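Trainee: Could you take me closely through one part of this model, beginning with a pair of facing residues and then following their surroundings outward? Please explain each term as you go.

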Amino acid sequence: MNRHAKGGVSLMLTAPGGAAGGASVMVNYRLDDDGKLTIEHSAMADAPAPLRVHPHPYFNLNGDSGVGDHTLQIGADYFVEVDAMGAPVAVAAVDRTPFDFRQPAPIGARLHWPDSQIRLRGEFDHCFFVRSHFDGGQGALREVARVFDPGSGRRLQMFTTEAALQFCTGNRIAGQPNDVPAGPTRRRAGFGLGANPCPDLMSKPGPTSSCSQGRCIARPPSTGFRFSFR
């Protein structure tokens, strides 16, 4: 890990070589003076290989209890339905479903809606298209989601160059060591927002970056989060 003087932290992750060769991924975290945390990736490979890398951080804006009172807004008209194992199976409109976060709505209340996808998974762990679905690829860095905690007044804004985002309410991380009483390993103690190039639908595979031998990805994904008070 390398820490930069102006609020930047870089991590180097290395996959050992094998029949398909190895790869190194550089993750750069940069915190600006205006409260914006930017995450960028680049990669180098021993041999040509497909590569998909994107962050999936978890947050809790009150720090003490769950995230049920947090209000969420996602600029998405479509989301991806999944099967019981969480594999993507179809694209559906968010209209008249608990997945319609085009206007701010409390996360916890939506988990109690009578919806087949919520019953199947017991949580949100779904991909939302923040650009025209199936577009894939990268676009300009833009705001795609907002989360607000009315108790603390804290607000989180998410920005990304990607076509989709993954939203998760953290049920699946339950059962992990919870030696930190209010830590993110407790069930629904945090929510996840992660940029996604595009889900792997059988009818339309998502885009994959090509990592040439000894060369970095030409356009690394970029994701940013801004923290503020409202």
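Mentor: Let us begin with Gln73, which stands opposite Arg146 in β12. Before going further, please keep in mind that this is a predicted model, in which local features need pLDDT of at least 70 and side-chain atom pairs count only at pLDDT 80 or more, while totals for chains, interfaces and linings use all residues. Residues are numbered from 1 along each chain as its sequence is written, and side-chain values use heavy atoms, with hydrogens and water left out.

The elements that I name are DSSP runs numbered from the N terminus, a strand being E with at least two residues and a helix being H or I with at least four. Two strands are said to pair if DSSP finds at least two bridges between them. Strand β7 (residues 71–74) pairs with strand β12 (residues 142–148) in the antiparallel sense, over 4 bridges. Strand β12 is also joined by 6 bridges to strand β13 (residues 154–160), again running antiparallel, and here Glu143 has Phe159 in β13 as its bridge partner. Between β12 and β13, which form a hairpin, there are 5 residues, and Gly153 in the turn has a positive phi of about 80°.

Two residues that we have just met are also linked through their side chains. Glu143 forms a salt bridge with Arg146, with 2.4 Å between the closest N and O atoms; the term stands for a side-chain nitrogen of Lys or Arg within 4 Å of a carboxyl oxygen of Asp or Glu. Both residues are partly exposed, Glu143 at 34% relative accessibility and Arg146 with a relative accessible area of 34%. On this scale, buried means under 20% relative accessible area, exposed means over 50%, and partly exposed lies in between, with a 1.4 Å probe and protein chains only.

Now turn to Ile74. The residues that Ile74 touches are Phe101, Arg102, Phe128, Val130, Val144, Ala145, Leu165 and Phe167, leaving aside residues up to four places away in sequence; a contact means heavy atoms within 4.5 Å. Ile74 also belongs to the largest nonpolar core, which has 33 residues, and is listed with Phe128, Leu165, Phe167, Phe191 and Leu193 among those with the most contacts inside it. Such a core is a set of buried Ala, Val, Leu, Ile, Met, Phe, Trp, Tyr and Cys residues joined through side-chain atoms within 4.5 Å. Among the strands that each supply at least two residues of this core are β7, β12, β13, β14 (164–168) and β15.

Arg102, one of the residues that Ile74 touches, leads us to a further set of charged side chains. Arg102 and Asp100 meet in a salt bridge of 2.8 Å, N to O, where Arg102 is partly exposed with a relative accessible area of 31%, whereas Asp100 counts as buried at 17% relative accessibility. These two residues are linked with Asp77 and Asp95 in a network of salt bridges, and the structure as a whole holds 7 salt bridges.

Phe101, Phe128 and Phe167, which Ile74 touches as well, lead to the aromatic rings. Together with Phe79, Phe99 and Phe124 they form one aromatic cluster. Rings of Phe, Tyr and Trp (its six-membered ring) pair if their centres lie within 6.5 Å, and planes under 30 degrees apart count as stacked, those over 60 as edge-to-face and the rest as tilted. A search of the whole structure finds 10 aromatic pairs. Among them, Phe99 and Phe124 form an edge-to-face pair, at 5.2 Å centre to centre and with 90° between the planes. This pair links distant parts of the chain, since Phe99 lies in the loop between β9 and β10 and Phe124 in the loop between α2 (116–121) and β11 (125–129), 25 residues apart. Phe99 counts as buried at 1% relative accessibility, as does Phe124 at 0%.

The loop between β9 and β10 (105–106) also holds Arg96, which has a positive phi of about 65° although it is not a glycine. Arg96 is exposed, with a relative accessible area of 79%.
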